[in-house]
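These are my notebook entries on a single chain. I set down what I looked up, topic by topic.

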Amino acid sequence: MPIFKRRRRSTGEADPIGAFWSWWTESGAAIVADAIARQQPTETSAVLTEYLGRIHNDLEWELGPGLHADHVLIVTAAGDPGLRATARRWLRAAPPSDQTWEYADLRRPGPAFTIRFDGLPPIAIDEAVVTLEADAASIHVGVHHPTFPELPIDVQRRVTFLMLDLVLGEEMVETWVGAIDTLTDEPAEVKPIGILLPAVAAFAAEHTLEDGSPAWKMLEGVRDGHRLIATAEYPLRSIRRPHLDTHAAISIGYPVRREDGLPEADMLDELRQFEDHLTDRLGGSGNLLAHETSAGTRVLHYYVDGTTPAGEQLKAAITGWPHGKVAVAVSPDPAWDNVSHLAG
């Protein structure tokens, strides 16, 4: 059974991620593995809490069996978009996995088991039931468990999200599940929670490319009385690239000769070439996730790693466009709120 813990107050250490991995490689990995082998994993909870709490006090961690190693240490933002980049940077600094340990920053799906919290009745996941309703972008899920009437509402909600993370895995929940309802009373029509993983996996397969990568979709509308064409990665979810926590919007002016305000074919080719130039300058420090075109302006929505100079690289790369003004606006946006209107 995994062990779940929430962090203590951060100490403000200069490099808490580096300090954690130094401790872990020197002694921590062996100490925790030994405690697990003796079936006393909670012996090391305090020291893990101390070191990981220095990174951020709202991160959560858990221990469990690994996929390729004996054990896994998972440090997760637990659904908080503002912390996902921190958890991903913790993971990127990890040592290579070995026979004993592997590492992750997202909860994984696993076999059904019992959730236990101090002072509360045991909660067997396989006793839960769900309701499902799909729309064009996501599956909306309601969760009921027989213990819910005995639990405070806030605990019901916490258990609901934890069960979904453990049944589907955190990435699938954040990517494909829309509204999540905690159902204190059991609805008339429910299904066992075991159907949730195949149902969501099938929905995801229908909405991604054959290799599992995101597709792109086109949107059309009207803005300020002018025709608007937009394309965006689908699904547009920050969980897929949590380290890209900074929005860089590049507004490119172009001459309007069509009545609907969109660029002519030759101008569209030039805009695409300029887009390729900007993307090349980023290397692996960012991605173009959407663009919008209307009334003589094309806006490119890049997301970049805020710990790199990617934003400054984009600002330096905009010179040379001969057809109008180019402006760059860079701002922190770990939840990708600035493109939420394109997320579907």
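**Backbone at Ala78 and Asp224**

I began with Ala78, which sits in the loop between strand S3 (71-76) and helix H3 (81-92). The model is a predicted one. I looked up the phi of Ala78 and found a positive value of about 55 degrees, although the residue is not a glycine. I noted this because most residues other than glycine have a negative phi. Is Ala78 buried, partly exposed or exposed? Its relative accessible area is 34%, so I entered Ala78 as partly exposed.

I then turned to Asp224, in the loop between strand S11 (215-223) and S12. Asp224 is likewise a residue other than glycine with a positive phi, near 50 degrees. Its relative accessibility is 72%, and Asp224 therefore counts as exposed.

**Cis peptide**

Where does the cis peptide bond fall? I located it between Tyr234 and Pro235, with omega at about 0 degrees. Pro235 belongs to the loop between strand S12 (226-234) and strand S13 (246-253). For context I recorded that most peptide bonds are trans.

**Chain as a whole**

I next took stock of the chain, which contains 8 helices and 16 strands. The C-alpha trace spans about 75 × 55 × 35 Å along the principal axes. Of the 344 residues, 49% are buried. Among contacts with a separation of 6 or more, I find that 71% join residues 24 or more positions apart.

**Nonpolar cores**

Which residues have the most contacts inside the largest nonpolar core? I listed Ile115, Ile125, Val141, Met163 and Leu196, within a core of 31 residues. The elements giving two or more residues to this core are strand S8 (139-144), helix H4 (153-168), helix H5 (170-176), strand S9 (177-182) and helix H6 (196-206). H4 supplies the largest share, 8 residues.

I followed Val141 further. Setting aside neighbours within four places in sequence, I found Val141 in contact with Val130, Thr131, Leu132, Leu164, Val177, Ala179, Ile180, Asp181 and Leu196. I also entered a second, separate core of 24 residues, which includes Phe20, Leu52, Leu63 and Ala94.

**Helices H1 and H2**

Two packed helices are described by the angle between their axes and the distance between the axes, so I looked up both. The axes of helix H1 (residues 16-37) and helix H2 (residues 45-53) come within 11 Å and cross at roughly 165 degrees. H1 is therefore roughly antiparallel to H2, the cut-off for that term being over 145 degrees. The crossing of H1 past H2 is left-handed.

Which residues of H1 meet H2? I recorded Ala19, Phe20, Trp23, Trp24 and Val32 on the H1 side, facing Val47, Leu48, Tyr51 and Leu52 in H2. Sorted by class, this contact has 9 nonpolar residues, no polar ones and no charged ones.

**Surroundings of Ser285**

My last entry concerns Ser285, placed in the loop between helix H7 (265-282) and strand S14 (286-294). What does Ser285 touch beyond residues up to four places away in sequence? I noted Leu244, Tyr303, Val304, Asp305, Thr308 and Ala310. I also checked Ser285 against His243: the two are 42 residues apart in sequence, and their C-alpha atoms are 9.2 Å apart in space.

Technical notes: Residues are numbered from 1 along each chain as its sequence is written. This is a predicted model: local features need pLDDT of at least 70, side-chain atom pairs count only at pLDDT 80 or more; totals for chains, interfaces and linings use all residues. Side-chain values use heavy atoms; hydrogens and water are left out. A nonpolar core is a set of buried Ala, Val, Leu, Ile, Met, Phe, Trp, Tyr and Cys residues joined through side-chain atoms within 4.5 Å. Buried means under 20% relative accessible area, exposed over 50%, partly exposed in between (1.4 Å probe, protein chains only). Helices (H or I, at least four residues) and strands (E, at least two) are DSSP runs, numbered from the N terminus. Contact means heavy atoms within 4.5 Å. Axes are lines fitted to C-alpha atoms, for helices over the stretch in contact, and angles run from 0 to 180 degrees between N-to-C directions. Angles under 35 degrees count as roughly parallel, over 145 as roughly antiparallel, 65 to 115 as roughly perpendicular and the rest as oblique. A crossing is left-handed if the near helix is turned anticlockwise from the far one by less than a right angle, and right-handed if clockwise. Ala, Val, Leu, Ile, Met, Phe, Trp, Tyr, Cys and Pro count as nonpolar, Asp, Glu, Lys and Arg as charged, and the others, Gly among them, as polar.
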